[in-house]
Amino acid sequence: MLKTITFTSAILLASSVMAAEFPIVGQVSSKCSIYTDTPGVYGNPTPDKLSTAPTDGGVLPIIRYDVTAADYYLAKISWPNAFTSSPTLTDATDWDGEVEVSNTSDAGMSGYEAAKVEYDNHTEYDMSVAGSTWFSISSTVLYGQGKSLPGGEYKANVVAECIAE
Amino acid sequence: MKSLYYGLAMSLFSTMLCAHEFTPTYPKFKPSFIDDASVTTMKLWNKRSDVRYYEVTVFNSEWKPIPFATVHRLIKLGYNNQVKFDIYVKNNNVRNVTYICTTSKQLNEDVKSTGVKSRICSKVK
């Protein structure tokens, strides 16, 4: 009798072990990633001008924002308004720029361009749809009054921010 | 067709190369082992091959700096590496903390013509 009970218990125990569940646990949390897809290059179409416009021989910098959840982040992109390094300049520089949505991964982002907020050299986008958004940034510099830019290397920074809301 | 494949491959390659991630989005402070200080843990992931340094900053809701302590304010982080670090703030200042940010810092020689300075800010609610 005792043997029968022990044997039955062992089988039941084994069955319960075999039936145990192994859950796979995952968690999706909000996250923002900033990708520098294309580094920009200044073209020098005239002696007093630097420009990232392809028509001026430049390359537009392109930045991609990936957000994994909607309505968590604000994208703030600033075109340059000063050189980070350049030859010595003796006259003033006049900066201009523009930030535009160049591509999106979701049709729901089509309203981003119309809803953007621009002030000074900053442009803000409310990342209200999850997915990827590509932004192109144009930058133009004019030097002095008809003066030629001194020879040398010119560098400027685009600032791309992703701020939790 | 060949150029299409090339373009696709290049875009995938460049996409994989350069990204900056900083989580959690909404960190929470908790009591630390240090008297009179609270702590939160942040994670930074450097997928930017052109960046080796990130600066950590803490701000209030008006973007004014708030004093804090961490192991390194300027973190040296290799490409494709991640690091977890603690941020300590005095208890009487914790309520004022709104943003914790990391900003990429590029060396001059790493910048091409126009560099991209990336900054990601988490919000303490």
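In chain A of this predicted model, strand β4 (residues 73-78) and strand β7 (residues 122-127) run antiparallel and are joined by six bridges, strands here being DSSP runs of E with at least two residues, and helices runs of H or I with at least four, numbered from the N terminus. Two strands are taken to pair if DSSP finds at least two bridges between them. Within this pairing, A:Tyr73 has A:Met127 of β7(A) as its bridge partner.

Because the model is predicted, local features need pLDDT of at least 70 and side-chain atom pairs count only at pLDDT 80 or more, whereas totals for chains, interfaces and linings use all residues. Residues are numbered from 1 along each chain as its sequence is written, while chains are lettered from A and ligands numbered from 1 in the order in which they are written.

**The sheet across both chains**

β4(A) is also joined to β9(A) by six antiparallel bridges, and there A:Ser78 has A:Val159 as its bridge partner. β9(A) in turn pairs with strand β8 (residues 114-123) of chain B, in the parallel sense and over eight bridges; A:Val158 is matched with B:Val116 in that pairing. On the chain B side, β8(B) is joined by five bridges to strand β7 (residues 99-105), the two running antiparallel, and B:Cys101 has B:Cys121 as its bridge partner.

These pairings belong to an open sheet of eight strands with mixed pairing, in the order β6(A)-β7(A)-β4(A)-β9(A)-β8(B)-β7(B)-β4(B)-β5(B). β6 (117-119) of chain A and β5 (74-76) of chain B stand at the edges with a single partner strand each, so one side of each is left without a neighbour in the sheet.

**The two chains side by side**

| Chain | Helices and strands | Buried residues |
|---|---|---|
| A | two helices, nine strands | 28% of 165 residues |
| B | two helices, eight strands | 26% of 125 residues |

A residue counts as buried if 20 or more other C-beta atoms, placed from the backbone, lie within 10 Å of its own, as exposed if 12 or fewer do, and as partly exposed in between. Along the sequence, chain A follows the pattern α-β-β-β-β-β-α-β-β-β-β, and chain B follows α-β-β-β-β-β-β-α-β-β.

**The contact between the chains**

Chain A brings 32 residues to the contact and chain B brings 25 residues, two residues being in contact if their C-beta atoms, placed from the backbone, lie within 7 Å. On the side of chain A that touches chain B, the elements giving two or more residues are β1 (32-38) and β9 (156-164) of chain A, and β9(A) gives the most, with nine residues.

**Burial and the core**

In β4(A) the side chains alternate, with A:Tyr73, A:Ala75 and A:Ile77 buried on one face, while A:Leu74, A:Lys76 and A:Ser78 point to the other and are not buried. The largest nonpolar core (buried Ala, Val, Leu, Ile, Met, Phe, Trp, Tyr and Cys residues joined through C-beta atoms within 7 Å) has 36 residues, and A:Tyr73, A:Ile77 and A:Ile63 are among those with the most contacts inside it. β9(A) gives the most to this core, with five residues. Leaving aside neighbours within four places in sequence, A:Ile63 is in contact with residues including A:Ile34, A:Ile77, A:Ala160 and B:Val116. Apart from the largest core lies another, of five residues, among them A:Leu50 and A:Val141.
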